Structures are given as C-alpha cells and as structure tokens.
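Biologist: Could we go through this model together? I would like to begin with the sheet and then turn to the aromatic rings.

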Amino acid sequence: MTKILHLAASVYPVRGGIDQVAEDVMRALSDTPNIEQKMICFNQDASADGIVTHMNETVHDKIRGIEVVRCSCIAKVSSQLISLTFKRELKKLFEHFVPDIIIMHYPNPFMAHCLLPFLKKYKSVKFILYWHLDIVRQKILGKLFHFQNIKLCERADVIVATSENYIEGSKYLSRYRDKCTVIPNCVQNHRIAETPETQRIASEIRKKYPGKFISFSVGRNVAYKGFRYLIEASEYLDDDCVVLIAGPHTRSDEMKQMTMNNSKVELLGLLSDEELNAYYIASDIYSFPSIMRNEAFGLALAEGMYFGKPAVTFTIPGSGVNYVSLDGITGIECPNRDVKAFADAIMKLKNDSELRSKLGENAMQRVLENFMYYKFRQRIINLISSLK
C-alpha cells in the first residue's frame, strides 16, 4: 500500500483554481489500487452544496471519501493563511499515517516552512512539488522566500509544472528543469456537463440580452485577473455588445465603482456550476484578460474553449495562458494591457462569424486533445508509478 499525503492551501467548498487541481489530483488516484490518501489544508469561511466551513475551526472530514484535515487559521497575510494548528496536525500525520509520498501544491510559504523540517527528517519520503506559479505580485515576499524555494526544489524528487511555457519563464523551474515534468490542468467532464437544464438556462440568458453579442469572463476579483482592463476595453465596443463577468467578489464595491455608468458591463457574482455552464453556452466569445504570470495556466480559459468559444487574451511572457489558447488558431492574443487592442479583437470576432466559428471549433478541439480529465488522470498515475 502506497500512502500519499496531499498539502494544499484549501479544498472544496473553497473554489479556486489551485484548490480544484489539488482535488483533481486526489480524484485521479482515488480508484487506483493499493493507494491510500489523506490531505491537510487550511480552513476558510466557505459554503457550497450544503457544505459549510469556518476559518477558526480545525476539523477532520472527507472529500470524495478521502480524509481531509482542515486546520484553523488566525489570519490571512498577503494571500497567505496563517495557522497555529497546522504544524501539530502535520506532525501527527507523519507519525501515524506515515506517508510514502508527499504532494505539496505551491505557492504557500507558511506551509513550506512547516513542511521542510519533516522532509529533512524523513529522508525516505518521496516529495512531489506541484508548482502552480511563482510569487510574482508580492515582490517582497518573493525575495524573502527565495532560499525557501531553493530548498524545496533541491529536496523535490519531481517538480510538476502546468505548461512548458512556465518552466521557461520561471527562474526556479528553469534552474531545475531536469526535475520538471509537465502535467496540464484538466477540464472535468462532471463539472462541465451540458444538460437540458443548462440549455434551458442558456436560452433564458440569450433572451435576457436579445440581439447582443455576449463576451463572458469568470474569475476571482484579484488584480492579476485583469478585469479592470476588460472593463476599460468595453468602452470601445459597439452598443450591441455586452460584457458579462462572473466569479467570487465580482460584485464588490470596487468592481461596482469601475462599472458605474457603464451599461455594457454586467457583474454576475459567484455562479453555481450549472449556471456557469449555461453562460459558457450562451456566450459568443470568451474573454480572458489576465495580465501577469500569477495566471500560470487558465483553467477557466480552457473551460470556455471546451464550449467552442474563441478566446481573447493578453500576451503574458512565461505564462501558460498563451499555451492554452494559441494566437490565430484558437483565439486572438493582444499586447499586454492594451485595452484598445483587446476591444478590437472582440469586435473582429463579432463582425466575422466565419472566423469566430473556425477559432471556436479549433478551441474545442485543442481542449479535447490536450486538457481533458482522462489524460490528466493517466499522467498523475504515471507520475506516482515512477516514484514507487
């Protein structure tokens, strides 16, 4: 029996890209013979589908039959959760669960600080460093934890990157290229199911915006997602265009201020999976305005492409965004932060239905060939097999 311990910032019902990938990894191994899994993460205030979690509680529960230890937190500093119980719970897992393989989802400096002493002590434990992104925006944090990152990479048996682009663009991954393997994030069939109900909701959405050309976007309201630039770009669009933005906190006071007196933009807030799929179906294109390498892959981008929507993106050197969507093949890529170019790309797709259809078909095909769950699952299984 191979025992695998996963370390991630959070897991469902928290709904972030890295959190979803961590769950996808566990899911990929859940029906593999002779593997036992557990996860340790931080607790956050969240709710979905009747599951409610609280930041100030340490609880043991299960996700898809796998035990998850959610550690209470006292604060969140520069997007990093701080927990007084995490190290104690991690120690228990090393002593009683006795993992053979550790999979840590990076970045998480506090978690790495707690983990490194155990990795030094338990030298026989195999260590997979699942590198989602460099710390880019918090420049002081990035410099502060430089040597921690080196220690992590040195100790790692394998470093997982989500695209070849990110290996080339990261000063850490490029330095440890010989340890790196690429496993692109995946589109989960069960999350993006097209059902009669989603078709019905999509039809209602189209009726709500009669005669409108719909650009759809989804993501957290954080600076690197670039929603500010999409909103600015909307000013250059024709009046028969509408820009719909969904995701956590996209109805914040800040976003409402940015869209004040802008009738072309509507903020949808957090959507259920069913509603999200309906908006993908109802839209004409998918706009993905992320601007920084914090956006290492773009899972929502891949999901939009899965539904046959051509993508409009910015150029982000060293990011996987421009690996997921290919300029002139699955969408249109624009100079970073150039809102006029972004608007022109949307208008080009609006006015050229043949181009829109061609790029949309290519987008769907690219996802089907490269980013589906069954491929992801096999890559994860192969990775674990290589370490046994």
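Biologist: Which hand does the β-α-β unit of strand 9, helix 3 and strand 10 have?
Modeller: In this predicted model, strand 9, helix 3 and strand 10 form a right-handed β-α-β unit.

Biologist: In what sense do strand 9 and strand 10 pair, and over how many bridges?
Modeller: Strand 9, residues 101-106, and strand 10, residues 126-131, are paired in the parallel sense, with six bridges. Helix 3, residues 109-121, packs on the sheet and touches strand 1 (2-7), strand 2 (35-42), strand 9 and strand 10. The direction of helix 3 makes about 160° with that of strand 9.

Biologist: Which residue is the bridge partner of Ile101 in strand 10?
Modeller: Ile101 has Lys126 as its bridge partner there. Further along, Leu129 of strand 10 stands opposite Met104.

Biologist: And which residue partners Leu129 in strand 11?
Modeller: That partner is Ile159. Strand 10 and strand 11 run parallel and are joined by three bridges.

Biologist: What lies across these strands?
Modeller: Helix 5, residues 146-155, lies across strand 9, strand 10 and strand 11 (158-161). Its direction is at about 130° to strand 10.

Biologist: How many residues of strand 10 are buried?
Modeller: Five of the six residues in strand 10 are buried, so the strand is mostly covered, given that buried means under 20% relative accessible area.

Biologist: Now the whole sheet: what is the order of the strands?
Modeller: The sheet is open and has eight strands, in the order 5-6-2-1-9-10-11-12, with mixed pairing. Its edges are strand 5 (59-63) and strand 12 (180-182), each of which pairs on one side only. From one strand to the next, the twist averages 25°.

Biologist: Let us change topic. How many aromatic pairs are there?
Modeller: The count is 17 aromatic pairs. One of them joins Phe216 and Tyr286 in an edge-to-face arrangement, with 6.2 Å centre to centre and 75° between the planes.

Biologist: Why does that pair tie together separate parts of the chain?
Modeller: Phe216 belongs to strand 13 (residues 213-218) and Tyr286 to strand 16 (residues 285-288), so the pair connects parts that are 70 residues apart in sequence.

Biologist: Are those two residues buried or exposed?
Modeller: Phe216 and Tyr286 are both buried. Another pair, Phe314 and Phe342, is tilted, at 4.8 Å centre to centre and 45° between the planes. Phe314 is in strand 17 (residues 311-314) and Phe342 in helix 13 (residues 339-351), 28 residues apart, and the pair links these distant parts of the chain.

Biologist: Why does Phe314 count as buried?
Modeller: Phe314 counts as buried because its relative accessibility is 0%. Phe342 is buried as well, with a relative accessible area of 0%.

Biologist: Back to Phe216: which residues form one aromatic cluster with it?
Modeller: The cluster consists of Phe216, Tyr279, Tyr280, Tyr286, Phe288, Tyr306 and Phe307.

Biologist: One last topic, charges over rings. Which ring does Arg293 lie over?
Modeller: Arg293 lies over the face of Tyr166, 4.5 Å from the ring centre. In addition, Arg366 places its charged end over the ring of Tyr323, at 5.2 Å from the centre of that ring.

Conventions. Residues numbered from 1 in each chain as written. Predicted model: local features only at pLDDT ≥ 70, side-chain atom pairs only at ≥ 80, totals over all residues. Heavy atoms only, no water. Pairing = 2+ DSSP bridges. Helix = DSSP H or I, 4+ residues; strand = E, 2+ residues; numbered from the N terminus. Axes fitted to C-alpha atoms, helices over the stretch in contact; angles between N-to-C directions. Contact = heavy atoms within 4.5 Å. Buried < 20%, exposed > 50% of the residue type's maximum accessible area, 1.4 Å probe, protein only. Right-handed = clockwise from strand over helix to strand, strands pointing away. Phe/Tyr/Trp six-rings, centres within 6.5 Å; stacked < 30°, edge-to-face > 60°. Lys NZ or Arg CZ within 6 Å of the ring centre and 35° of its normal.
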